[in-house]
Structure formats: C-alpha cells, structure tokens
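Me: I would like to learn how to read the features of a protein model, one at a time. Could you take me from the general idea to the particular case?

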Amino acid sequence: MITLKDKSNNRWLGQISYAQLKFLNDELAEEHKDDQEYWVNRDALETLKARGADLDLAAIIEKAMGDKDEVEFYWIKS
C-alpha cells in the first residue's frame, strides 16, 4: 500500500493502491522520475475524475483539500 501525506504538515491523508499511484503518475506532471510529490487544485481534480480516477482516490484528494482550492501531498510506501 501507499500512504498519502499532506506536504504542509505531514498529516496522514489516506492509503491508496499501487494501481491508484500509477494513475497519479500517469496523469500528473512529475518534476523528475523519482518525484513523490503532487499538487492538485480543484480543476485538476475534476480532470482526474473525468479521466477515470478511482472514486476512493478522488475522495481522499477532495477531503485533503477541505475548504481550500488546492493541496500538495506526497506519497510513501507503507
């Protein structure tokens, strides 16, 4: 499993599968091949949903945003 954490405060956001991580890797820009950080705003989240994001993955990201318009998070193997 993969754990997602909020980059600003290291708060646990949830756990995702390797397939969900692959989806994020395929859909979101990486700065380098070993990049483990992502930034998602509301528009990007809607795009991820339209491209077939798993409902659980989308829910984790949406909950992480809360009342903000964006979230930056990273992943670690758990």
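Reply: The turns below go through the sheet, one of its strands, a buried residue and a pair of helices, all in a model that is predicted.

Me: How should I read the sheet, and in what order do its strands lie?

Reply: A general point comes first: in a regular strand the side chains alternate between the two faces of the sheet. Here 4 strands form an open sheet in the order β2-β1-β4-β3, with antiparallel pairing. The edge strands, each of which pairs on one side only, are β2 and β3 (37–41), and the twist from one strand to the next averages 30°.

Me: Which strands does β1 pair with, and over how many bridges?

Reply: On one hand, β1 is joined by 4 bridges to strand β2 (residues 12–16), and the two run antiparallel; on the other, it pairs with strand β4 (residues 70–77) over 5 bridges, again in the antiparallel sense. Residue L4 shows both pairings, since it stands opposite W75 in β4 and has G14 as its bridge partner in β2. Residue K5, for its part, stands opposite W12 in β2. The hairpin of β1 and β2 has 5 residues between the strands, and in this hairpin N10 takes a positive phi near 60°.

Me: Is strand β1 largely enclosed or open, and why?

Reply: Of the 5 residues in strand β1 (residues 2–6), 4 are buried, so the strand is largely enclosed by the rest of the structure. One residue found in this strand is D6, which is buried because its relative accessible area is 3%, under the 20% cut-off for that class. Leaving aside residues up to four places away in sequence, D6 touches R11, L13, K68, V71, E72, F73 and Y74.

Me: How is a pair of packed helices described, and what is the case for α2 and α3?

Reply: Two packed helices are described by the angle between their axes and the distance between the axes. In this model α2 and helix α3 (residues 55–65) pack at an angle of about 170°, with axes 11 Å apart, which means that α2 is roughly antiparallel to α3. The residues that meet are R42, L45, L48 and K49 in α2 with A58, I61, E62 and M65 in α3; by class, this contact has 5 nonpolar, no polar and 3 charged residues.

Me: What lies at the ends of α2?

Reply: The N-terminal end of helix α2 (residues 42–50) is capped by N41, a side-chain oxygen lying 3.2 Å from the backbone nitrogen of D43. Just after α2, G52 takes a positive phi of about 100°.

Terms used. Residues numbered from 1 in each chain as written. Predicted model: local features only at pLDDT ≥ 70, side-chain atom pairs only at ≥ 80, totals over all residues. Heavy atoms only, no water. Buried < 20%, exposed > 50% of the residue type's maximum accessible area, 1.4 Å probe, protein only. Pairing = 2+ DSSP bridges. Polar contact = N/O pair within 3.5 Å; in protein donor to acceptor, adjacent residues only side chain to side chain. Contact = heavy atoms within 4.5 Å. Axes fitted to C-alpha atoms, helices over the stretch in contact; angles between N-to-C directions. Parallel < 35°, antiparallel > 145°, perpendicular 65-115°, else oblique. Nonpolar A, V, L, I, M, F, W, Y, C, P; charged D, E, K, R; others polar.
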